[in-house]
Amino acid sequence: MEAAPCAVSRPPSSGAVVHWQRPKRSVRVSASASSCSQQTVTLLDYGAGNVRSLRNAIRHLGFHITDVHKPEDIMTADRLVFPGVGAFGAAMQVLNQTGLGEALRMYIDKDKPFLGICLGLQLLFDSSEENGPVKGLGVIPGTVGRFDSTQGLIVPHIGWNALQPVKDSGILHGIEGHHVYFVHSYRALPSEDNKDWISSLCYYGESFVSSVSRGNVNAVQFHPEKSGAVGLSILQNFLRQSSSSSLKTLVPGKASKLAKRVIACLDVRANDKGDLVVTKGDQYDVRETTGDNEVRNLGKPVELASQYYKGGADEVSFLNITGFRDFPLGDLPMLQVLRSASENVFVPLTVGGGIRDFTDANGRYYSSLEVASEYFRSGADKVSIGSDAVFAAEEYLLTGVKSGKTSIEQISRVYGNQAVVVSIDPRRVFIKSPDEVKFKSVKLNKPGPNGEEYAWYQCTVKGGREGRPIGAYELAKAVEQLGAGEILLNCIDCDGQGEGYDIELIKLVSDAVTIPVIASSGAGAVEHFSEVFQRTNASAALAAGIFHRNEVPIQSVKQHLLDRGVEVRMLPMEKTQSNQPEMAPRGAAAVV
Ligand code: 1PR
């Protein structure tokens, strides 16, 4: 359940039907390829959704990519990267049917340079319990199992966690004390039988295998291509392994556990001139209150995304806020924004807006899965579903039946739960007593306008334009059951107010689910970030206006959190030749 191959299509109720397609994006290696084979990397992409980010990272480091089309391409590779994505069983089916699995085993047996990423690590083990047991490649002893969420552990494990190196492995050179980005629900455990392989462990409820290394064979559970400068440095260490002198050396960090994330959000829409702009609402009203009531324009999406990445954002979210009325696949500029942003932003990108089944003017039907797939192909790591999730949850609560056809189910089945975020847009409704409504309410710290002591949070659709008969608590629990991997919890009342997050709402929802909750709406000062992490179970805090208006840099938010004892990912520094630390932007891997 990592993020799945778009070429793997599975009918809702039956087993997997797998079609291996040649990757569409094959990079032509020039006539001088053999002379620059040192600069060429072979990529085993069996049609996976978000391999674009890895391609971008490899190119960013100055390497060419040649794709595997047949098993022999593996055998002739000088350096092979295997970004396994998707469900374990579906991936093994592709590998077995195409002969790629056998070629992989032989390649690894010959101790040729190999880097497996995420599922590319898990597939090396004997088997996995994911929809199984399913046999793996059998290179490393052990079984891959799911994190145990029965005692409240939040699963998927999403975010920036610390590695504990257990042996010197070339590719992890110098990353001590830094966070790297994980997103997975299954993990391999260390044992007597596989201890020779393990190069680092990571702690999340238990110690699991975060990387393995033997000879030239390496694999990592995290995503180096999404781990900012640290991840690029790891990739570069692998790509340039032959010359140890070029290994990057970072100043050791202080990472010790899963960090709380700080996310920059870009609400995007076309303005009245038709240009795609970053806008920002005031309780979801994005029009200026003076002059021509124009859509507020706070900048260009790609530029701002890149700026926030360099400034230390742990993730960047794009919300196409008029997606509910425009067909997103018709919205080519938005897809172009994603493609361009993913060329330079090496942290996770989430995109939302308009993800639903759709029939266009010519009667052509598009499933929400097709819409999401296009977003993934364009560089998104996660998609965020708003209005459609509300309708899906209402239907599920009414019938008690999972139809298998909702956007949440369709997309999570193919791309994994961790790739599906549900964005909730609730509005506070004050009540005198909890008995007034059938929805879960909270007791307020500050009474409502008429002295009401309680409130429930009514979900809305279409960017807050329509209230629905379902509460945020009920919605969150329903979408978790339908397969959402994360919740983005907005609050219309707090949006753009700069007076702090709605702690009561965030506590209500983050205590109710065991998937990560991203707190959103209302950040206006660094203290609001520490408050939300100290008083609720939120895994991440998202903000927009405070960053767009340059009120507080992301690094100041993080420094404040660190000072308050909240672990966060800090930007790494690279050691100079004189061994003095310096800030990153020198050379590709140093650019954060
Ligand atoms: O319903 O699937 O098409 O998705 C539409 C998406 O667009 C939803 O995620 C919905 O939240 C978002 N959206 C729709 N209308 C608006 C609007 O502002 N008029 N933006 C909108 C929601 C909320 C946050 C905002 C935080 C932080 N924006 O994303 O960034 O409130 O702001 P702050 O830090 O400045 O307070 P669908």
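## A four-stranded sheet

Strand β7, which spans residues 125-128, is joined to β8 by two bridges, and these two strands run antiparallel. Within this pairing, S127 of the predicted model stands opposite K135 in β8.

The two strands belong to an open sheet of four strands, arranged in the order β8-β7-β9-β13. The pairing in this sheet is mixed. Its edges are formed by β8 (134-135) and β13 (186-188), each of which pairs on one side only.

## The ligand and its surroundings

The shell around the ligand consists of 25 residues, of which K280, S387, S423, D425 and D495 come nearest. By class, this shell comprises nine nonpolar, twelve polar and four charged residues. Two strands that each contribute at least two residues to the shell are β17 (261-270) and β31 (540-543).

Polar atoms of the protein approach oxygen atoms of the ligand from both side chains and backbone. In the side chain of S387, an N or O atom is 2.6 Å from an oxygen atom of the ligand. For K280, a polar side-chain atom lies 3.4 Å from a ligand oxygen. A544 contributes through its backbone: one of its backbone N or O atoms is placed 2.9 Å from an oxygen atom of the ligand. On its own, the ligand has 770 Å² of accessible area, and the protein covers 99% of this.

## The environment of H179

H179 is located in strand β12, which covers residues 179-184. Is this residue buried or exposed? Its relative accessible area is 5%, and because buried means under 20%, H179 is classed as buried.

The side chain of H179 has polar partners in both a side chain and the backbone. With the side chain of E567, the H179 side chain makes a polar contact at 2.8 Å. A polar atom of the H179 side chain also lies 3.1 Å from the backbone oxygen of K257.

Both K257 and E567 also appear among the residues in contact with H179 once neighbours within four places in sequence are left aside. The other residues in that set are W160, N161, A162, V230, A255, S256, A259, V568 and R569. The set thus includes the consecutively numbered residues W160, N161 and A162, as well as E567, V568 and R569.

How values were computed: Residues are numbered from 1 along each chain as its sequence is written. This is a predicted model: local features need pLDDT of at least 70, side-chain atom pairs count only at pLDDT 80 or more; totals for chains, interfaces and linings use all residues. Side-chain values use heavy atoms; hydrogens and water are left out. A residue is near a molecule or strand if one of its heavy atoms lies within 4 Å of it. A polar contact is a pair of N or O atoms within 3.5 Å; within protein, one must be able to donate a hydrogen and the other to accept it, and residues adjacent in sequence count only if both atoms are side-chain atoms. Accessible areas come from the Shrake-Rupley method with a 1.4 Å probe; for residues, only the protein chains shown count as cover. Ala, Val, Leu, Ile, Met, Phe, Trp, Tyr, Cys and Pro count as nonpolar, Asp, Glu, Lys and Arg as charged, and the others, Gly among them, as polar. Two strands pair if DSSP finds at least two bridges between them. Buried means under 20% relative accessible area, exposed over 50%, partly exposed in between (1.4 Å probe, protein chains only). Contact means heavy atoms within 4.5 Å.
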